[in-house]
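Here is a short note for a colleague who has not seen this structure before. Please read it with the model open beside you.

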Amino acid sequence: MEKKIFREWKSSIRATLNAIWKFRNLCKTPFDRGFIGELLVLDQLLMTYESKLCASEDNTFVYEGSSNKKWDVSLTINKMTMYINAKATSTKDKDDNPKWVRQHALSFCHIDINPRTLRQTVGKTRKEDPNLFYVFVDVGSWIEHRNTGFFTLPHKKAAQIFCKKYHNLYNNKKKPRKSGSTDFWVECGDIKGYKDNTLKRILK
């Protein structure tokens, strides 16, 4: 990646985050936490992998954000490409820990829903994508204190953890979910072993 282009991305991301933080604290109302989470991930990626990105024009990243349903950012270093899906939250639990609501269980496991009873049967985990990572971002802490935390899980580990959780919550329950929803929440305790504030796990 050309150093000039790298510097332009870096300064643009920082300027955008600074403007968002000021605006959010002036208006005191919810802002697009998903976009903020993506920018925070990008900002940290550029800090952590600056020397590698600038070492070769073949090393680069792509930001797609919400235009891509499977991943938000790709990072290519030494001809190896990793895909990152950023999951942002500003929600806190009763202990003031971040909590990620409205996560989609179908991204991690197979689920059959009886059309008549709406009872759910939770099956096996989805096929592993070894190049896909989920980064859970604590946007709430950034809004309040200008610092954040990241938790990085490879797709395989995320599928194992979240499929098991969803299975325990909803598999063949006598009182099925009336809406037929397959959303669930991720708590800090589910992923606390994957704290990764430098995002080095992505190329580990």
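**Notes on the predicted model**

1. Cysteines first. Cys-27 has a relative accessibility of 28%, so Cys-27 counts as partly exposed, because buried would require under 20%. Keep in mind that this is a predicted model.

2. Does that leave any cross-links to look for, and how many disulfides does a search of the whole structure find? The search finds zero. Cys-109 is in no disulfide; its nearest cysteine sulfur belongs to Cys-163, 3.6 Å away. A disulfide needs the two sulfur atoms within 2.5 Å, so this pair does not qualify. Cys-109 is buried, at 0% relative accessible area.

3. Now the overall picture. The protein chain has six helices and nine strands. Its radius of gyration is 18 Å, close to the 17 Å from the globule rule for 204 residues, so the chain is as compact as a globular protein of that length. Along the principal axes, the C-alpha atoms of the chain fill a box of roughly 60 × 45 × 30 Å. Of the 204 residues, 41% count as buried. Take the contacts between residues at least 6 apart in sequence: 62% of them join residues at least 24 apart.

4. The sheet comes next. It is open and has five strands, in the order E1-E2-E3-E7-E8, with mixed pairing. Strand E1 (60-63) and strand E8 (150-154) are the edges, each pairing on one side only. From one strand to the next, the twist averages 20°.

5. Follow the pairing from the E1 edge. E1 and strand E2 (residues 73-77) are antiparallel, with four bridges. Tyr-63 has Val-73 in E2 as its bridge partner. E2 and E3 also run antiparallel, joined by five bridges. Here Ile-77 has Met-80 in E3 as its bridge partner.

6. Look at the turn between E2 and E3. This hairpin has two residues between the strands, and Asn-78 takes a positive phi near 55°.

7. Which way do E3 and E7 run, parallel or antiparallel? They run parallel, and seven bridges join them. Ala-88 stands opposite Val-137 in E7. E3 is mostly covered, with seven of its ten residues buried.

8. Two helices should be checked against the sheet. Helix H2 (residues 33-48) lies across E1, E2, strand E3 (80-89), strand E7 (132-138) and E8, and runs at about 140° to E3. Helix H5 (residues 155-170) also packs on the sheet, where it touches E7 and E8. The direction of H5 makes about 95° with that of E8.

9. Then the interior. In soluble globular proteins, nonpolar side chains tend to be buried together. The largest nonpolar core here has 32 residues. Those with the most contacts inside it are Leu-40, Val-41, Leu-45, Leu-53, Leu-75, Val-135 and Ile-202. Helix H1 (3-27), H2, E2, E3, E7 and helix H4 (139-145) each supply at least two residues of this core. H2 gives the largest share, seven residues.

10. Leu-75 is a good place to zoom in. Beyond its neighbours within four places in sequence, Leu-75 is in contact with Leu-45, Tyr-49, Leu-53, Thr-60, Phe-61, Met-80, Thr-81, Met-82, Ile-202 and Leu-203. Apart from the largest core lies another, of 23 residues. Among its members are Phe-108, Phe-136, Phe-151 and Ala-158.

Terms used:
Residues are numbered from 1 along each chain as its sequence is written. This is a predicted model: local features need pLDDT of at least 70, side-chain atom pairs count only at pLDDT 80 or more; totals for chains, interfaces and linings use all residues. Side-chain values use heavy atoms; hydrogens and water are left out. Buried means under 20% relative accessible area, exposed over 50%, partly exposed in between (1.4 Å probe, protein chains only). Two strands pair if DSSP finds at least two bridges between them. Axes are lines fitted to C-alpha atoms, for helices over the stretch in contact, and angles run from 0 to 180 degrees between N-to-C directions. Contact means heavy atoms within 4.5 Å. A nonpolar core is a set of buried Ala, Val, Leu, Ile, Met, Phe, Trp, Tyr and Cys residues joined through side-chain atoms within 4.5 Å. The radius of gyration is taken over C-alpha atoms; the globule rule is 2.2 Å times the number of residues to the power 0.38.
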